[in-house]
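Biologist: I have the model open next to the sequence. Can you walk me through it?

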Amino acid sequence: MEHSRLSLLEFGISFICFFLCTQARWHNHTKHHKHNNNHRSSTISEPPTPPPEPADPSDGSGYNSSGVFNVRNFGAIGDGIIDDTDAFKMAWDAACNQVDPAVILVPYGFDFMIQSTIFSGPCKNGLVFQKVDGTLMPPDGPDSWPQKNSRRQWLVFYRINEMSLQGGGVIYGRGEKWWDLPCKPHKGINGTTMPGPCDSPTAIRFFMSSNLTIHGLKIKNSPQFNLRFDNCKNVHVESIHITAPALSPNTDGIHIENTNGVGIYNSVISNGDDCVSIGSGCFDVDIENITCGPSHGISIGSLGNHNSRACVSNITVRDSVIRVSDNGVRIKTWQGGSGAVSGITFSNIHMDNVRNPIIIDQFYCLTKRCANQTSAVSVSEILYENIKGTYNIRSPPMHFACSDSLPCTNITLSDVELLPAEGYTVLDPYCWNAYGDSQTLTIPPVSCLMEGIPGSILNNDMHYC
């Protein structure tokens, strides 16, 4: 009888344990975590929260039930020496094939060395390459770069839709040895360049992708361009910090080409070239609250190189600061091109000791040997409003150098006040074949703009896009 009671008691305890375990397992597998990308937000990001500890995969795949794919669980070491490329590619492939939205975690406290790699889509659902709280770095310089790998790009995202790249980590480009190549500007005798291989990788490139968010990252010392978008749609860049030395060659902060629906907000960029450069085929671009410099400023172009056709329209740059830079807001085109730049607004921009605060240059040339050509990219409907601050006295504060055959037209100035950063001599603006007007008094006064529309514009159909 005593033995029977013990058996019944053991059976009851076993049944209760089985029931509780089953309920707990069912509850765990019915949880769903969804990621919400908000491409309209333009507020400064909060400091990143401490990342979670690496999760132990329940099935050996590197995946856990919350949809997080930790690169450490795919074999990434993170010591800055061992090649972690394969682990990142496996994590990408696993997350990309996940039906539910997925998160790829790059944890804090690790330095991951990755070779030149293309992360390809399309993925089955919205993908978040999120929590980049560690450091990503390429091989250290040209001599460490494998011969079989492209020297023009490092991390490439191709044919991706609905992706967010964010976190508080660092993209460290290790650009120093690339900048010292003999072919780079000012490395040769008397400031010239030397012959030899010159390709250098862009740190992060998005190609033929859409609905992208880049948020909170730090990009440091890229070998060449820091962040580049080619043939993309609906791009939102928010609260990023890009740094490189002032003399680092061709280290454009953000470059866009054939890309539309772009918002760049609340970011800090200092580098050796343009903070933001806008190439051909771009339209509907909004740039706001950028702190730029030292740098070459914010540029549209260069456009029309090698007699090419270029079209750029509906660009707004507003509420920003440009300091200690070679240029402020610039439009630059080569002779011999065709197409048009139109519908451009530069508004509420503060200049701090900038060499060329306002510049249109339709004679852009990197050498002194560019031949004069009659065709040009048209420049029209350009508004400068509330542009104030100081300029470096080596150059005039406003420079409008327009094509002999295709003048700039509809240039409008309003509330422009630019004073010398040193001394009291106010330089006159420079105009060549430029048409427009001042809606208010300007400092310095602009009397060199011509009125009306020249006949050469009315009779020329090469500038239409």
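Modeller: Start with one residue: His306 is exposed, at 71% relative accessibility. This is a predicted model, and His306 sits in the loop between β21 and β22 (309-323).

Biologist: What is the phi of His306?

Modeller: His306 has a positive phi, about 55 degrees, and it is not a glycine.

Biologist: Which other residue has a phi near 55 degrees?

Modeller: Asn348, again with a positive value in a residue other than glycine. Asn348 belongs to strand β24 (residues 338-354). Its relative accessible area is 33%, so Asn348 is classed as partly exposed.

Biologist: Where are the cis peptide bonds? Start with Pro294.

Modeller: The bond from Gly293 to Pro294 is cis, and its omega is near 0 degrees. Pro294 is in the loop between β20 and β21 (298-303). A cis peptide bond also joins Gly301 and Ser302, with omega about 15 degrees. Ser302 is placed in strand β21.

Biologist: Let's back up to the whole chain. How many helices and strands does it have?

Modeller: The protein chain has four helices and 30 strands.

Biologist: And how much of it is buried?

Modeller: Of the 465 residues in the protein chain, 49% are buried. The exposed surface of the chain comes to about 22,100 Å², and carbon and sulfur atoms supply 53% of that.

Biologist: What share of the contacts is between residues 24 or more positions apart?

Modeller: Counting contacts with a separation of 6 or more, 76% are between residues 24 or more positions apart.

Biologist: Cysteines next. How many disulfides does the structure hold?

Modeller: Seven. One of them is the pair Cys275 and Cys292, with sulfur atoms 2.2 Å apart. That disulfide links distant parts of the chain, 17 residues apart: Cys275 is in the loop between β18 (260-270) and β19 (276-278), and Cys292 is in strand β20 (residues 282-292).

Biologist: Are Cys275 and Cys292 buried or exposed?

Modeller: Cys275 is buried, at 0% relative accessible area. Cys292 is buried as well, with a value of 0%.

Biologist: Why is the disulfide of Cys275 and Cys292 called right-handed?

Modeller: Because the torsion about its S-S bond is about 95 degrees.

Biologist: Give me another pair.

Modeller: Cys365 is joined to Cys370, with an S to S distance of 1.8 Å. The torsion about the S-S bond of Cys365 and Cys370 is about 85 degrees, so this disulfide is right-handed. Cys365 is partly exposed, with a relative accessible area of 23%. Cys370 is also partly exposed, at 35%.

Biologist: What about Cys402 and Cys408, which hand do they have?

Modeller: Left-handed, because the torsion about the S-S bond of Cys402 and Cys408 is about -105 degrees. Their S to S distance is 2.0 Å, and both cysteines are buried.

Biologist: Now Cys232. Which cysteine sulfur is closest to it?

Modeller: The one in Cys282, 9.9 Å from the sulfur of Cys232. A disulfide here needs the two sulfur atoms within 2.5 Å, so Cys232 is too far from Cys282 for a bond.

Biologist: And from the side of Cys282, what is the closest sulfur?

Modeller: That of Cys232, at 9.9 Å, again too far for a bond.

Biologist: Buried or exposed, those two?

Modeller: Cys232 counts as buried because its relative accessibility is 1%, and buried means under 20%. Cys282 counts as buried too, at 0%.

Biologist: Last topic, internal space. How many cavities of 30 Å³ or more are there?

Modeller: One. The largest cavity holds about 60 Å³ of space.

Biologist: What lines the largest cavity?

Modeller: The lining residues include Phe88, Phe119, Phe129 and Phe157. Ile114, Ile171 and Ile204 are also among them, as are Leu136, Leu155 and Leu165, along with Val132.

Biologist: How does that lining split by class?

Modeller: It has 11 nonpolar residues, no polar ones and no charged ones.

Technical notes: Residues numbered from 1 in each chain as written. Predicted model: local features only at pLDDT ≥ 70, side-chain atom pairs only at ≥ 80, totals over all residues. Heavy atoms only, no water. Helix = DSSP H or I, 4+ residues; strand = E, 2+ residues; numbered from the N terminus. Buried < 20%, exposed > 50% of the residue type's maximum accessible area, 1.4 Å probe, protein only. Contact = heavy atoms within 4.5 Å. Areas by Shrake-Rupley, 256 points an atom, 1.4 Å probe, with all protein chains shown as cover. 1 Å grid on protein atoms, 1.4 Å probe; cavity = no way out; pocket = protein on both sides within 12 Å on 5 of 7 lines; lining within 4 Å. Points joined across faces, edges and corners; volume = space filled by probe spheres on them. Nonpolar A, V, L, I, M, F, W, Y, C, P; charged D, E, K, R; others polar.
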